[in-house]
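The following paragraphs follow the pairing of charged side chains through one protein model. The sequence and structure are shown first.

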Amino acid sequence: MDTRTGLPVVGMIGGGQLARMTHQAAIALGQSLRVLANDVDESAALVAADVQLGSHTDLAALRTFAKSCDVVTFDHEHVPGEHIRALAAEGHKVFPGADALRYAQDKHEMRRRLTALGAPVPRWAPISTAAELVEFGLPAVVKTARGGYDGRGVFVVNDVEEIIDLLASGAELIVEEKVELRRELAVQVARSPYGQVAVYPVVETVQRDGICVEVLAPAPDLPEEVAIAAQQLAIRIANELGVVGLLAVELFETPTGLVVNELAMRPHNSGHWTIEGARTSQFEQHLRAVLDYPMGDTSLAAPAVVMVNVLGGPEGGLSVDERLHHLMAAEPGVKVHLYGKQTRPGRKIGHVTALGGDLADCRRRAARAAHWLTYGQAPA
């Protein structure tokens, strides 16, 4: 407990942009998020007042960090499960727990568990040989069981020869059918230690090269019964897996119904729109959940909300400050979030959010603002 404020101390393992935005949400609740970062130059470490340095794979560093916190949570899923269990065994509150987080860390375990629950998933199988892949059938999607994100570790395969080296590497792999998808959707749900849940409106996510580039809230032209089914599915998964905190359920909308693609047990890129676009942001909701506070209102703050990720562009040109000047003059209603990262082509360095009454207008404004930040000029 922080003796100065009388409030519990929340510690977040990981110093990336998710920790940075969680820290911003914590300020309004009277807190300063305690962050375990690898380096002083990480996104959250640049703004948080309370930063400890250490690796998420170093149990000694994790123990020292946990001793200074009332609750520990994560901005990524890469902390070893045995370390999380060790902290919990020593009496520390760690959310989500290792038994839940394993299903976000390991795609094989996730598919196995969701299949056992009867949740809608693509046809899938574990594989280790070319013969097993051929028997499953091509084209297909091959995934490394652990460590992939933002398109990494995911391979659309039309011919076995394309992944011969991957098969020979000894990496644990699964294969999934290449589903016929209409679009990708996502649902965020927060769950407290005692099972209170709050679910956000279903959103559409637009992907390019395996990276989410745009989020539309609410998902346009989604039938109400499908939206409700998606929310109920997310709540069911959160309850069945015992998630505490935020759970993002990534979905495929197919001609035959919804299919679960991936799970993330933390604030998620598909929920960044909630900072301005919902009554309670996903970051505040995550804090409420791990602290077992009552959940906040998840309703939309405007009829249409669009978030566009800002990716690093070519080197040279206008400075970031000059780009901000032009963006703000061109689109004064768009909200900008920069993560304090060094720019390199294709890297997520921030996002922008536009709210309004017309989805097409919000998309145009958000895209124009993001283009200014990436390229230092107005779109053609």
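**Salt bridges in the predicted model**

The side chains of arginine 102 and glutamate 109 form a salt bridge, with an N to O distance of 2.7 Å. In this predicted model, the two partners differ in their exposure class: arginine 102 is partly exposed, at a relative accessible area of 30%, whereas glutamate 109 counts as buried, at 18%.

A further pair consists of arginine 85 and aspartate 99, whose closest N and O atoms are 2.8 Å apart. Arginine 85 belongs to helix H3 (residues 81-89) and aspartate 99 to helix H4 (residues 98-105), so this salt bridge ties together parts that are 14 residues apart in sequence. Arginine 85 has a relative accessible area of 41% and is partly exposed; aspartate 99, at 53%, counts as exposed.

The salt bridge between aspartate 361 and arginine 365 has its closest N and O atoms 3.0 Å apart. Here both residues lie within one helix, H12 (residues 359-375), and their spacing of 4 residues is about one turn of the helix. Aspartate 361 is partly exposed, with 31% relative accessibility, while arginine 365 is buried, with a relative accessible area of 12%. These two residues also belong to a network in which salt bridges with shared partners join Glu331, Asp361, Arg364, Arg365 and Arg368.

How many salt bridges does a search of the whole structure find? The search gives 18, including the pair of arginine 85 with aspartate 99, that of arginine 102 with glutamate 109 and that of aspartate 361 with arginine 365. In general, side chains of opposite charge can pair when their charged atoms come close.

Conventions. Residues are numbered from 1 along each chain as its sequence is written. This is a predicted model: local features need pLDDT of at least 70, side-chain atom pairs count only at pLDDT 80 or more; totals for chains, interfaces and linings use all residues. Side-chain values use heavy atoms; hydrogens and water are left out. A salt bridge is a side-chain nitrogen of Lys or Arg within 4 Å of a carboxyl oxygen of Asp or Glu. Helices (H or I, at least four residues) and strands (E, at least two) are DSSP runs, numbered from the N terminus. Buried means under 20% relative accessible area, exposed over 50%, partly exposed in between (1.4 Å probe, protein chains only).
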